[in-house]
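Trainee: I would be grateful for a close look at a single part of this model, namely the open sheet and the helices that pack on it. Please set out the arrangement step by step, and then place it beside other contacts in the chain.

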Amino acid sequence: MNKLFNFGKMFVFFAIIIPLMSLVSVFIYYQYQGTKEKVFNIIQSNIIDEHITLLENYADNIKQTMGKNFKKDIIKDKKIYQNAISELRLIQSAEIRYIYILYKDKDDKLRYLMDATTDTKERAYYHQLFNPLTDIWDEAYKQKIVQIATQNHIDSLWITIAYPIVIDGDVIAIIGADFDYHMYQELLKTLQPLENLYLYISIFMLIMLSIAYVLIYLYYTNRKKRFIDPLTGMYNRQYLHEYLKTSSLKEYAIMMIDIDHFKHINDNYGHDVGDKVLVSLSNELKSQLRENDILVRYGGEEFLILVHKKEDANFYLIAERIRESIMQHKIQGIQQNITVTISIGINPYPFYAKNFDEAVKITDEQLYSAKSSGRNCIKISNEKNTSQTSKRISDVISAIQDDRITCMFQPIVSMKTSKIEKYEMLLRMIDTKGNIVPPMEFLPSIRHTSIYVSITKIILEIAVKTLEENDFDLSINLDLQDLTNNDIVKLLEENFKEKKELAARLYIEILEHEEITDFEFIKEKIDALKNLGFKIVIDDFGSGFANFKYLLYLNIDVIKLDGSLIQGIHNNKNAYHIVESIARFANKMGIRTVAEQIETQEELNCIKELQVDFAQGYYLGRPSFEIIETL
């Protein structure tokens, strides 16, 4: 199943990259069309310029040798005529089909003075009337400068040049040259293979795009079947475990629901009626939930609900509403309507459990208590009671007073230099027995209190002192919610407003526990921090909510790749390709990358190979109260 799920992630990757590549290939094709036109025009211009120069030389020779009497001498003296036409034929090349000289008679009509066209069948005779198909001849007489026309209306010709022979300010004749259409076709043939190549690439990418979307559709259709209970149409337990791989229990309370005396229904009415009861009740449960709540058929007659904490909800009242709706719900049986009751157990603080299974176990204990109490009732866990919370808060206050709030430092190594270039500061509390207490054990109880701000102040003071005494960079962790806390923002301003050189060396790693919905608001907060000189890091990129959308809307300096992508990357092709795509994308956007949780040399080798900028993990250095200057 894990392989299937990872394969799905790769499909999502294709859904982003292949469309981009398709758009790029189509863009390149159309850019090529414009470039081809420019190249064609350059070639055309060079050919024309070359022949205009030859015509100009011919006209200059006539001016010098014969002058204004050119037309009369040509008519009277056969030898002069032969010399003139011979020299005109020298100008003709493979590109020119017709070359001739025209003059205007007394009636202002154009006639042939001489025609040097190689093909005698197509050669005109002296004084033959010339029928112009464009106005370039009159323009050449009027403007006394060379005129050029593209012969779109004549299949055999491409371009016509009308070059006036001007002597003493008068046009005595016009040299005409018609370029063969085959030359135009040859130029197009020369450029056609390259055009075909870009066209084929574009078509291929569009076909690949279609195939990718078909595969994605088939995969997610199949995956949906795997995650949906076939009887009720609700999510199954398998979906729940996959969902929680990328979501935090911080966002939810857990409710466990059991249908009271369901065995009696099966025994008395049969399993078909029992199935009908399950379907009807699951639909009724679904109707009672909010959009962000998740309903799962967890067992035979057991349902599990992840109740979202986005709203400040009273979970007991939510459960009571559900219990009453089920009790009043009537299910049509074979001979009579059936009514049932349910028992509900609630765990409002599943995040405090070691893992999801333990959180469910606590919820199940409450459900068992409800069933033991006579069923059709609700029991809620009081594991996080007031006295426990007060004790945690008093412990933190005592630690602040005794100067037992401190930080450890974990090195971050540059992949280019293989040297330690920065450190991450990690908050720690020392208890009265000298034991190290990680932040997850005391921060949640003080997060929305003034004590949380006091601890943030201590961290910033340590950061300022460390930066002043050393020349390396530091990073600190802040929650997304901290950016909206005016007291914390004020602390950042007070500590670094007059110390821009220190702020420029401090990276703020942003942790998020819920999806950003108002990007404009968060961008405003991040830009304010950037104006103070700080650099912004998105932590745990590639898992949870942190995704490419953040890079599009927020002014980010660094992304920190989630450790779940890095662990065992040398043996996981899907993770390897995902990290490769993220690293390339970040590099193109000028965003630096950090891989965390490096624990083996093989993982480090992969990170170097993928051109990730920095690495961090136990293999490179564990967190320590003392700063380790070298590996």
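Mentor: The part in question is an open sheet of six strands, which follow one another in the order E6-E8-E9-E7-E12-E13 with mixed pairing. Strand E6 (235–236) and strand E13 (378–380) stand at the edges; each has a single partner strand, so one side of each is left without a neighbour in the sheet. The model is a predicted one, and what follows should be read as a description of that prediction.

Within the sheet, one pairing deserves attention. Strand E7 (residues 252–259) and strand E12 (residues 342–347) run antiparallel and are joined by six bridges. One residue pair illustrates this: Ile257 has Ile344 in E12 as its bridge partner.

Two helices pack against these strands. Helix H8 (residues 271–287) packs on the sheet and touches E7, strand E8 (294–297) and strand E9 (302–308), with its direction at about 165° to that of E8. Helix H9 (residues 315–328) lies across E7, E9, E12 and E13, and runs at about 165° to E12. Strands E7 and E9 thus appear in the description of H8 and again in that of H9.

The two helices also meet each other. The axes of H8 and H9 come within 10 Å and cross at roughly 140°; H8 and H9 are therefore oblique to each other. Their crossing is right-handed. On the H8 side the contact involves Leu281, Glu284 and Leu285, which meet Ile322, Ser325 and Ile326 in H9. By class, the residues of this contact divide into four nonpolar, one polar and one charged.

H8 has a further helical partner in helix H7 (residues 262–269), and the axes of H7 and H8 come within 7 Å, crossing at roughly 140°. H7 and H8 are therefore oblique to each other. Phe262, Ile265, Asn266 and Tyr269 of H7 make the contact with His271, Val273, Gly274, Val277 and Leu278 of H8. The residues here divide into six nonpolar, three polar and no charged.

At the E6 edge, the approach to the sheet can be followed through Ile228, which is placed in the loop between helix H5 (181–227) and E6. Leaving aside residues up to four places away in sequence, Ile228 touches Gly233, Met234, Tyr235 and Asn236. Its C-alpha atom is separated by 9.0 Å from that of Arg297, although the two residues are 69 apart along the chain.

For another helix contact, one may turn to helix H13 (residues 450–469) and helix H14 (residues 486–496), which pack at an angle of about 25° with their axes 10 Å apart. That angle makes H13 roughly parallel to H14. H13 passes H14 in a right-handed crossing. In H13, Tyr452, Val453, Thr456, Lys457, Leu460, Glu461, Val464 and Leu467 take part, meeting Asp487, Ile488, Leu491, Leu492, Asn495 and Phe496 in H14. Nine nonpolar, two polar and three charged residues make up the contact.

Finally, the aromatic residues offer an example of a contact between side chains. The structure holds 12 aromatic pairs. One of them is formed by Tyr100 and Phe130, a tilted pair at 5.8 Å centre to centre with 40° between the planes. This pair links distant parts of the chain, 30 residues apart: Tyr100 belongs to strand E1 (residues 96–104), and Phe130 to the loop between strand E2 (110–115) and helix H4 (136–143).

How values were computed
Residues are numbered from 1 along each chain as its sequence is written. This is a predicted model: local features need pLDDT of at least 70, side-chain atom pairs count only at pLDDT 80 or more; totals for chains, interfaces and linings use all residues. Side-chain values use heavy atoms; hydrogens and water are left out. Two strands pair if DSSP finds at least two bridges between them. Helices (H or I, at least four residues) and strands (E, at least two) are DSSP runs, numbered from the N terminus. Contact means heavy atoms within 4.5 Å. Axes are lines fitted to C-alpha atoms, for helices over the stretch in contact, and angles run from 0 to 180 degrees between N-to-C directions. Angles under 35 degrees count as roughly parallel, over 145 as roughly antiparallel, 65 to 115 as roughly perpendicular and the rest as oblique. A crossing is left-handed if the near helix is turned anticlockwise from the far one by less than a right angle, and right-handed if clockwise. Ala, Val, Leu, Ile, Met, Phe, Trp, Tyr, Cys and Pro count as nonpolar, Asp, Glu, Lys and Arg as charged, and the others, Gly among them, as polar. Rings of Phe, Tyr and Trp (its six-membered ring) pair if their centres lie within 6.5 Å; planes under 30 degrees apart count as stacked, over 60 as edge-to-face and the rest as tilted.
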